[in-house]
Structure formats: C-alpha cells, structure tokens
Amino acid sequence: LAVTGVQTCALPICAMSDEIFTVLQAAQYLKVSEKTIRRLIKSKKLTASRVGSRSLRIRQNDIDQYLAN
C-alpha cells in the first residue's frame, strides 16, 4: 500500500532540531487514530518522511503547522 505525499530522505537531514514522531505517536499527540494520521499524510495535509521501506516519521513542527491551519 503506497502512501502519497511522503518525502523520502535520510532521517538526520529531515530531523533538523525538532522532535520526530512515529505514526502512533503522532496519533496519540493529536488524539486521533493511526488511520487518521495516514489519511492526513495521503491527502497531503500532513507532511511525513519515509524511513526505510515502510516506516513513516512526522516532525512535530509539521504537526503544529497542520494544527495552525
């Protein structure tokens, strides 16, 4: 299952200095389901980076920016 709207890059380059969340952690942070996070990423409302072939990571700054919109 491919997820669109995902950046592919090396984690240290994408991380900068802010916190990085897994899909589960982002869901807990926003108090929504993991499926909702994946839908937000697929619809390009939330930016995520792919780590390896399957894992996704979301920067806290991107989550906060999503909340601001």
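Is Phe21 buried or exposed? Phe21 counts as buried, because its relative accessibility is 7%, under the 20% cut-off. Keep in mind that this is a predicted model. Some notes from going through it follow.

1. Overall layout. The protein has four helices and four strands. Reading from the N terminus, the order of elements is β-α-β-α-α-β-β-α. Of its 69 residues, 32% count as buried. As for contacts between residues at least 6 apart in sequence, 62% of them join residues at least 24 apart.

2. The aromatic pair. The count here comes to one aromatic pair, and the partners are Phe21 and Tyr29. A pair like this is described by the distance of the centres and the angle of the planes. For Phe21 and Tyr29 those are 5.2 Å centre to centre and 40 degrees between the planes. The pair is classed as tilted because 40 degrees is neither under 30 nor over 60. The two rings also sit in different accessibility classes: Phe21 is buried at 7%, whereas Tyr29 is partly exposed at 35%.

3. Helix α2 against helix α4. Tyr29 turns up again here. The axes of α2 (residues 23–30) and α4 (residues 60–68) come within 12 Å and cross at roughly 40 degrees, and the crossing is right-handed. On the α2 side the contact is made by Ala26, Tyr29 and Leu30, and on the α4 side by Gln60, Ile63, Asp64 and Leu67. Sorted by class, that contact has five nonpolar residues, one polar and one charged.

4. The nonpolar core. In soluble globular proteins, nonpolar side chains tend to be buried together. In this model the largest nonpolar core has 13 residues, and the ones touching the most other members are Ala26, Ile37, Ile41, Leu46, Ile58 and Ile63. Elements giving two or more residues to this core are α2, α3 (34–42) and β4 (55–59). The biggest share comes from α2, with four residues. Ala26 and Ile63 are both worth a second look, as they also take part in the α2 and α4 contact.

5. Ile58 up close. Ile58 is in strand β4. It is buried, because its relative accessible area is 0% and the cut-off is 20%. Setting aside neighbours within four places in sequence, Ile58 is in contact with a list of residues that includes Phe21, Ala26, Ile37, Ile41, Leu46 and Ile63. The list also includes Glu19, Thr22 and Thr47. Ala48 is another contact of Ile58; the two are 10 residues apart in sequence, with 4.7 Å from C-alpha to C-alpha.

6. A buried aspartate. Asp62 is in helix α4. With a relative accessible area of 12%, Asp62 is buried. Not counting residues up to four places away in sequence, Asp62 touches Leu46 and Thr47, both of which are also contacts of Ile58. Asp62 and Asp18 are 44 residues apart along the chain, and their C-alpha atoms are separated by 9.8 Å.

7. Positive phi in two lysines. Where does Lys31 lie? Lys31 is in the loop between α2 and α3, and it has a positive phi of about 60 degrees although it is not a glycine. Lys44 has a positive phi too, near 65 degrees, and is found in the loop between α3 and β3 (48–51). Lys31 is exposed at 74% relative accessible area, and Lys44 counts as exposed at 62%. If you check backbone angles, these are two residues to look up.

Terms used: Residues are numbered from 1 along each chain as its sequence is written. This is a predicted model: local features need pLDDT of at least 70, side-chain atom pairs count only at pLDDT 80 or more; totals for chains, interfaces and linings use all residues. Side-chain values use heavy atoms; hydrogens and water are left out. Axes are lines fitted to C-alpha atoms, for helices over the stretch in contact, and angles run from 0 to 180 degrees between N-to-C directions. A crossing is left-handed if the near helix is turned anticlockwise from the far one by less than a right angle, and right-handed if clockwise. Contact means heavy atoms within 4.5 Å. Ala, Val, Leu, Ile, Met, Phe, Trp, Tyr, Cys and Pro count as nonpolar, Asp, Glu, Lys and Arg as charged, and the others, Gly among them, as polar. Rings of Phe, Tyr and Trp (its six-membered ring) pair if their centres lie within 6.5 Å; planes under 30 degrees apart count as stacked, over 60 as edge-to-face and the rest as tilted. Buried means under 20% relative accessible area, exposed over 50%, partly exposed in between (1.4 Å probe, protein chains only). A nonpolar core is a set of buried Ala, Val, Leu, Ile, Met, Phe, Trp, Tyr and Cys residues joined through side-chain atoms within 4.5 Å.
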